[in-house]
Amino acid sequence: MSQLPPDPVVALTPDPLTPDRDVTHSHFQAGDTVVVLKGVAGGELWGDAMRVVAPSWHLPTDEDGWRLRDATGGQQSYVTAHPRYLVHLSRRCPDCLIHLRAMEDALLPKYPGDDALIDCGWYTTTAVGQLVHVADVRAGR
Ligand SMILES: [Zn+2]
């Protein structure tokens, strides 16, 4: 995984796994470093690395979420995300590693040898700082 300067090419791509991912709220805790996967670049996944700050209600799903701080987020340094959007970076976590590998297996073959920064278009941020996966937008909230 790598972090690259923003300026991605948006290429809407189905997310095969995140919407059905089974991960509990308590899997994460304040202080953890996580990544929200956004797409593919140069043969690997990329995303936004963020720090878990505090529990926070995730409005789009009406479920417990986490408030995150994005050190490079500018105007939107803080967002609230659902636990299933998050993948641990801060420690070796078998559960998150399995999810990461599965995402790699599903997505990397779609962009073989492509050096462009591909944004798969999965996430948007609402005016009140709620990070929403496209699958949760379709749920009608
Ligand atoms: Zn984890």
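This is a selection-by-selection tour of a predicted model.

**Whole chain**

Start with the protein chain coloured by secondary structure. Two helices and nine strands should appear. Followed along the sequence, their order is β-β-β-β-β-β-α-β-β-β-α. The C-alpha trace spans about 40 × 30 × 30 Å along its principal axes. The radius of gyration is 14 Å, which agrees with the value near 14 Å for a compact globule of 141 residues.

Colouring by burial comes next: buried residues make up 31% of the 141 residues. Among the contacts with a separation of 6 or more, 60% join residues 24 or more positions apart.

**The β3, β4 and β5 strands**

Select residues 44–58, which form strand β3, and residues 63–69, which form strand β4; the two pair in the antiparallel sense over seven bridges. To check the register, pick S56 and its bridge partner in β4, G65.

Now move to the connection. The hairpin of β3 and β4 has four residues between the strands, and D62 lies in this loop. What is the phi of D62 near? It is near 55 degrees, a positive value in a residue other than glycine. Is D62 buried or exposed? D62 counts as exposed because it has 10 C-beta neighbours inside 10 Å, where the cut-off for exposed is 12 or fewer.

Add residues 78–81, strand β5. This strand pairs with β4 in the antiparallel sense, over four bridges. Here R67 stands opposite T80 in β5.

The loop between β4 and β5 contains Q75. With 6 other C-beta atoms within 10 Å, Q75 is exposed. Draw a distance from Q75 to L108: their C-alpha atoms are 31 Å apart in space, and the two residues are 33 apart in sequence.

**The nonpolar core**

Hide the loops and show side chains of the core. The largest nonpolar core has 28 residues, and V34, V36, A81, L86, V87 and L131 touch the most other members. At least two residues of this core come from each of β2 (33–41), β3, β4, β5, β6 (86–88), α1 (94–107) and β9 (131–133). Which strand gives the most to this core? It is β2, with six residues. In general terms, nonpolar side chains tend to be buried together in soluble globular proteins.

Centre the view on L131. Leaving out residues up to four places away in sequence, L131 touches V36, V79, T80, A81, Y85, Y123 and T125. Two of these contacts, V36 and A81, are also listed among the core residues that touch the most other members.

**Helix α1**

Finish with residues 94–107, helix α1. The helix has 14 residues and reaches 20 Å from its first C-alpha to its last, close to the 20 Å expected at 1.5 Å a residue.

Select C96, H99, L100, M103 and L107, which are buried in α1. These residues cover an arc of only 100 degrees around the axis, so they sit on the same side of α1. What do the buried residues of α1 pack against? They pack against β2, β3 and β6.

Then rotate to the face turned away from the buried side. It carries the exposed residues P94, L97, I98, R101 and D105. Giving the two sets contrasting colours separates the buried residues of α1 from the exposed ones.

Key. Residues numbered from 1 in each chain as written. Predicted model: local features only at pLDDT ≥ 70, side-chain atom pairs only at ≥ 80, totals over all residues. Rg over C-alpha atoms; globule rule 2.2 N^0.38 Å. Buried ≥ 20, exposed ≤ 12 C-beta atoms within 10 Å, placed from the backbone. Contact = placed C-beta atoms within 7 Å. Pairing = 2+ DSSP bridges. Core = buried A, V, L, I, M, F, W, Y, C linked by C-beta atoms within 7 Å. Expected span 1.5 Å × (residues − 1). Arc of directions from axis to C-beta.
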